[in-house]
Amino acid sequence: MSLIPMEKVKRYRCKYCNYIYSPLRGEPHRGIPAGTAFEDLPEDYICPVCGATGKGPIGAWGFEPWEPTRYVCKICSYVYDKKRGEPLRGYPKGTAFEDLPEDYTCPVCGLDPKITSFYGPVGKAQFEPILDV
């Protein structure tokens, strides 16, 4: 299976518990493989958090499209925030993470030679979205 380009990923957030469904990871433990679009979920899909915590059978109707505005580096926990951007590096306020160049590196650990020698280039792939509610 080919990877879904990050800018084309459509994530959905449960309006009741804030669980994020991402086709990048799917829900393999529930038989939904990575790469499954929200629109392709089974008709009997139920939010895994609401269903497990007793909030009831919240189906796909309880989800809304969600777009992250903040991303965290999995190596050093630096947070890229679209509202703040990185003006000193040439990325003005309002620059979406998806619009950063492919050779973008973390401004904290991506510039540390000890870290990059161990992890390799600390680029966009090392970041993951943060839940903004």
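Two strands are taken to pair if DSSP finds at least two bridges between them. In the predicted model described here, tryptophan 66 in strand 3 is the bridge partner of arginine 11. Four bridges in total link strand 1 with strand 3, and the two strands run antiparallel. This pairing belongs to an open sheet of three strands, arranged in the order 2-1-3 with antiparallel pairing. Strand 2 and strand 3 (63-66) occupy the edges of that sheet; each has a single partner strand, so one side of each is left without a neighbour in the sheet.

The protein as a whole contains two helices and six strands. Read from the N terminus, its elements follow the pattern β-β-α-β-β-β-α-β. Of its 133 residues, 38% are buried. The exposed area of the protein is about 8200 Å², of which carbon and sulfur atoms supply 56%. Among contacts with a separation of 6 or more, 49% are between residues 24 or more positions apart.

Confidence varies along the chain. The mean pLDDT of the protein is 84, and 89% of its residues reach 70 or more. Over residues 1-6, however, pLDDT stays under 50, and the model has nine contacts beyond four places in sequence for this segment. Where pLDDT is low, the predicted coordinates should not be read in detail.

A further open sheet is formed by three strands in the order 5-4-6, again with antiparallel pairing. Its edge strands are strand 5 (79-81) and strand 6 (127-129), each of which pairs on one side only. On average, and with direction ignored, neighbouring strands of this sheet are turned by 30° against each other. Strand 4 (residues 70-73) is joined to strand 6 by three bridges, and these two strands run antiparallel. Within this pairing, tyrosine 71 has proline 129 of strand 6 as its bridge partner. In general, strands of a sheet pair through backbone hydrogen bonds, either parallel or antiparallel.

The cysteines were examined next. A disulfide is a covalent bond between the sulfur atoms of two cysteines. A search of the whole structure finds zero disulfides. For cysteine 47, the closest cysteine sulfur is that of cysteine 17, at 3.6 Å, which is too far for a bond, since a disulfide requires sulfur atoms within 2.5 Å. Cysteine 47 is also buried, with a relative accessibility of 1%. For cysteine 109, the closest cysteine sulfur lies in cysteine 73, at 3.7 Å, and this distance is likewise too far for a bond. Cysteine 109 counts as buried at 1% relative accessibility.

Backbone geometry draws attention to two loop residues. Most residues other than glycine have a negative phi. Asparagine 18, which is not a glycine, nevertheless has a positive phi of about 75°. Asparagine 18 is placed in the loop between strand 1 (11-14) and strand 2 (20-21), and with a relative accessible area of 25% this asparagine is partly exposed. Serine 77, also a residue other than glycine, has a positive phi near 75°. Serine 77 lies in the loop between strand 4 and strand 5, where this serine counts as exposed at 53% relative accessibility.

Definitions and conventions:
Residues are numbered from 1 along each chain as its sequence is written. This is a predicted model: local features need pLDDT of at least 70, side-chain atom pairs count only at pLDDT 80 or more; totals for chains, interfaces and linings use all residues. Side-chain values use heavy atoms; hydrogens and water are left out. pLDDT is the predictor's confidence in each residue, from 0 to 100. Contact means heavy atoms within 4.5 Å. Axes are lines fitted to C-alpha atoms, for helices over the stretch in contact, and angles run from 0 to 180 degrees between N-to-C directions. Buried means under 20% relative accessible area, exposed over 50%, partly exposed in between (1.4 Å probe, protein chains only). Accessible areas come from the Shrake-Rupley method with a 1.4 Å probe; for residues, only the protein chains shown count as cover.
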